[in-house]
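User: I am new to this structure. Please take one helix and look closely at how its two sides are used and what surrounds it.

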Amino acid sequence: MSIVADPAARAARVGRHVAAPPAAASPHDPAADARWLARAVELATANVHDGGGPFGAVVVADGVEVAVGQNRVTRDLDPTAHAEVQAIRAACRAADTFALDGMTLYTSCEPCPLCLAACLWARLDRVVFSADRHDASRGGFDDTAFYELFARDRATWDRTRVHELRLPQSTDPFDAWLRHTSRTAY
Ligand SMILES: [Zn+2]
C-alpha cells in the first residue's frame with residue numbers, strides 16, 4: 001500500500017459525476033487521482049451542509065467507483081464512523097469481500113490512525129489524500145494529536161490510559177484459532 005498526497009486536487013473542480021479514466025490509463029495517473037480526490041472532497045463538503053463532519057472518501061477499482069463514505073460520527077452516535085471506514089465497509093459489502101486488494105481509497109483528508117489502520121486491514125493497494133493532518137487540526141480534529149500520542153511511550157499518555165494485564169488464559173483464543181483447521185484466514 002502506498003500513501004500519496006496530491007495537492008493538485010485542492011484546486012480541482014469537477015461535477016458530481018466523475019468520468020472514469022480511460023481504460024488504458026496508468027493506475028497512478030495523476031489526473032485521474034485528482035478527479036477521484038475531488039469527488040471525495042465534494043462528498044466531505046456536502047456532508048458539512050448535511051450536518052455531518054467534513055470528511056468524505058471514495059473506493060475505486062479499475063477506474064470505477066465501488067463505494068463512497070461520509071463521516072457519520074454524530075448522526076450514528078459512532079465515534080468510529082469515519083468517512084474512510086464507512087467507505088471501506090460499503091466497498092466490502094458491494095464487492096462481497098473483506099479484502100480490497102487492487103482498489104484505491106481516495107479521501108478528502110489524510111487518514112487518522114484509526115482509518116490508516118483500517119486501510120491496512122482492508123489490504124487496499126493505495127490511499128490518496130488531499131488535506132493533511134495539520135488542516136484537520138485547524139478544523140478542530142485530533143489527527144495530529146493522535147499521531148503524536150502514538151509516537152510516545154504509553155506510560156506517558158495523559159488521555160485514555162492503556163494497561164496490559166496478562167492472564168493464564170491470555171493466549172487461549174490464538175491457540176483455538178491455530179487449532180481450528182477450517183478457519184477463514186484474513
Ligand atoms: Zn479516521
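Analyst:
**Helix H5 and its surroundings**

The buried residues of H5 pack against H4, E4 and E5. The model is a predicted one, with a mean pLDDT of 89 for the protein and 85% of its residues at 70 or more. Over residues 6-19, however, the pLDDT is below 50, although this stretch has 25 contacts in the model beyond near neighbours in sequence.

Within H5, the buried residues are Cys115, Ala118 and Cys119. They lie on the same side of the helix, because they cover an arc of only 100° around its axis. An α-helix has 3.6 residues a turn, so residues three or four places apart point the same way. On the face of H5 turned away from the buried side are Ala117 and Leu120, both exposed. After H5 comes Arg123, with a positive phi near 60°.

The wider setting is the largest nonpolar core, which has 38 residues; Ala40, Val58, Val59, Ala87 and Tyr106 touch the most other members. H5 (113-121) is one of the elements that give two or more residues to this core, and H4 (83-95), E4 (103-109) and E5 (126-131) are also among them. The largest share, 9 residues, comes from H2. In soluble globular proteins, nonpolar side chains tend to be buried together.

Ala40 gives a view of the contacts around one core member. Leaving out residues up to four places away in sequence, Ala40 touches Gly56, Ala57, Val58, Tyr106, Thr107, Ser108 and Ser130.

Key:
Residues numbered from 1 in each chain as written. Predicted model: local features only at pLDDT ≥ 70, side-chain atom pairs only at ≥ 80, totals over all residues. Core = buried A, V, L, I, M, F, W, Y, C linked by C-beta atoms within 7 Å. Buried ≥ 20, exposed ≤ 12 C-beta atoms within 10 Å, placed from the backbone. Helix = DSSP H or I, 4+ residues; strand = E, 2+ residues; numbered from the N terminus. Contact = placed C-beta atoms within 7 Å. pLDDT = per-residue confidence, 0-100. Arc of directions from axis to C-beta.
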